[in-house]
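Reader: I should be grateful for a close look at a single part of this model, chosen by you, with its surroundings described in one connected account. Please also indicate how far the prediction can be relied upon.

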Amino acid sequence: LLGSSGHATAGTVAGISALRRGEDLDDLVAILSRWAAWSSSSGLPLAGAAVGSVVSGGAAGSLPPTKLVSHTELLVATSLPGIMRREPVAAARRLSATVQAFLAGGPGNATPLVPLQQGLHLLSSPSSVAGSGLSAAEPQQNSTSSSSVPEAAPATLGLPTAADLAFGFCALSGGPLPLDVAARLCRLTGGALVVSGSSDSDGAEAAEAAIGAGRAAELWAYGLSMRHLISPSARATLRMMPEASILEACLAHFERRPQRARFALAQDSDVAATLARLRAGLADAIPAGEAIEERFAVPASPYIADIALPGRGMLLVVPRKAHRAPGGVDDPAGSGDGLRRGALGGRGRLLEAVVESMGWQLRWMWPEEWGSEASEEPVDPQVLKVFLGIGSNETSTSQDAA
């Protein structure tokens, strides 16, 4: 797979139709993850790297060409369901690792999701739920699995893995999840909460279990996706599932006590420099007296915005590494205004979809566009006003009144 010639390497991968051994799939998943890490540290886009692009600093290696990445992802995805059937004990771990590797690799628009969804349906709910009549030992038939293929009997699916799968599928999907996938994730996450010992009606035990597993924010984001990013009819169907009550109780507890269930916003020098420039520009861009809040906790969600203009329903976020697709800036003129912007990864796109479905406007403040640590010029308030949609008459009227 890692031949010296780009053409030969891509052809080699293209000539492999499927993997049969789980160890081989594990190796390719690790390679995909390493490529994404190299791309992120080098600033080169993973899917657009030239053949043999050398990574400087950190881990040394070469970034692969687009065709090699695509063939490797396709080979992993199409091989995964068969390996999960043959080696069910490691099925959940391999599916989760594959989802996380694909999520780290880029925006996900070309991610082969169908095989991953097939793999998801091979996992059984980790516990029986009162009144459901189903248990981990009883495979369930579903609309996407062939009736001629028996369902695997995996090892116990823990809450961290269930939450990672739920969040990962939401982030990879780039839109509403198919109903069968949403229902399967509901069974897995709800069952994992039951196995963790959560049975109270107010959701406190379930929330503590998620917090203890370090997956509270991911589970909350998944729950909000099920509330806001699927159709009303699909949402009504999910509410009738036996696992829905414990999930809803858990989410309700997060909303009442959200402090330990939020995603952290990492700080670095470029983020701090961009925020400093934005603060200075906003002072002259918005009408006097308008509220500005920093490190704003978005109500009823696990998300935090760097800056909020609550009166306008607007959130400003400087993208962190977790929000970005690996690599540098792409689509420099995609918005039509000629400004440079980066590429969002799955986590960033899910954040955007969730908060905008809740009625907020999200503005990504890319350091490449608004200035990083190396920038010395202040943000032009007029440019900032245009970007935020603040009319000149607003500020002039406010200043006249003052």
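Author: Helices and strands are DSSP runs numbered from the N terminus, a helix being a run of H or I of at least four residues and a strand a run of E of at least two. The model is predicted. On that basis the protein chain has 16 helices and six strands. The part chosen here is an open sheet of four strands, in the order β3-β4-β5-β6 and with mixed pairing.

The edges of this sheet are β3 (293-297) and β6 (361-364); each has a single partner strand, so one side of each remains without a neighbour in the sheet. On average, and with direction ignored, neighbouring strands are turned by 40° against each other. The edge strand β3 pairs with β4 (residues 304-309) in the antiparallel sense, over four bridges. Within this pairing, Glu293 stands opposite Ala308 of β4.

Two backbone features deserve attention at this edge. Most residues other than glycine have a negative phi. Arg295, which is found in strand β3, departs from that pattern with a positive phi of about 45°. The relative accessible area of Arg295 is 45%, so this residue is partly exposed, lying between the limits of 20% and 50%. Further along the chain, Ala300 lies in the loop between β3 and β4. Ala300 likewise has a positive phi, near 55°. With 37% relative accessibility, Ala300 also counts as partly exposed.

Two helices lie across the sheet. Helix α12 (residues 269-285) lies across β3, β4 and β5 (314-317), and its direction makes an angle of about 10° with β4. Helix α15 (residues 381-388) lies across β4, β5 and β6, running at about 140° to β6.

Met365 shows how these elements are brought together. The residue is found in the loop between β6 and α14 (367-370). Its relative accessibility is 0%, so Met365 counts as buried. Beyond four places in sequence, the contacts of Met365 include Thr274 and Leu278, whose numbers fall within the range of α12. Also among the contacts of Met365 are Leu384 and Phe387, which fall within the range of α15. The remaining contacts are Leu316, Val317, Val318, Pro319 and Trp370. The C-alpha atom of Met365 is 8.8 Å from that of Leu275, although the two residues are 90 places apart along the chain.

Aromatic pairing adds a second set of links around this region. The model contains six aromatic pairs. In one of them, the ring centres of Phe167 and Phe263 are 5.8 Å apart with the planes at 45°, so the pair is tilted, since the tilted class covers 30 to 60 degrees. Phe167 lies in helix α6 (residues 159-173), whereas Phe263 is in the loop between α11 (244-256) and α12, so the pair ties together parts separated by 96 residues in sequence. Phe167 has a relative accessible area of 6% and is buried, while Phe263, at 21%, counts as partly exposed. A further tilted pair is formed by Trp220 and Phe254, at 5.6 Å centre to centre and 35° between the planes. Trp220 belongs to helix α9 (residues 216-228) and Phe254 to helix α11, so this pair ties together parts 34 residues apart in sequence. Both Trp220 and Phe254 are buried. In addition, ring pairs link Phe167, Phe263 and Tyr303 into a cluster.

The chain as a whole gives the context for these details. Of its 402 residues, 49% are buried. Among contacts between residues at least 6 apart in sequence, 71% join residues at least 24 apart. The accessible surface comes to about 17,500 Å², with 54% of it belonging to carbon and sulfur atoms.

As to reliability, the chain has an average pLDDT of 80, and 72% of the residues score at least 70. Two stretches call for reserve. Residues 330-340 stay under 50 in pLDDT, and the model shows 13 contacts for them beyond four places in sequence. Residues 395-402 are also below 50, with six contacts beyond near neighbours in sequence. Where pLDDT is low, the predicted coordinates should not be read in detail.

Methods:
Residues numbered from 1 in each chain as written. Predicted model: local features only at pLDDT ≥ 70, side-chain atom pairs only at ≥ 80, totals over all residues. Heavy atoms only, no water. pLDDT = per-residue confidence, 0-100. Contact = heavy atoms within 4.5 Å. Buried < 20%, exposed > 50% of the residue type's maximum accessible area, 1.4 Å probe, protein only. Areas by Shrake-Rupley, 256 points an atom, 1.4 Å probe, with all protein chains shown as cover. Pairing = 2+ DSSP bridges. Axes fitted to C-alpha atoms, helices over the stretch in contact; angles between N-to-C directions. Phe/Tyr/Trp six-rings, centres within 6.5 Å; stacked < 30°, edge-to-face > 60°.
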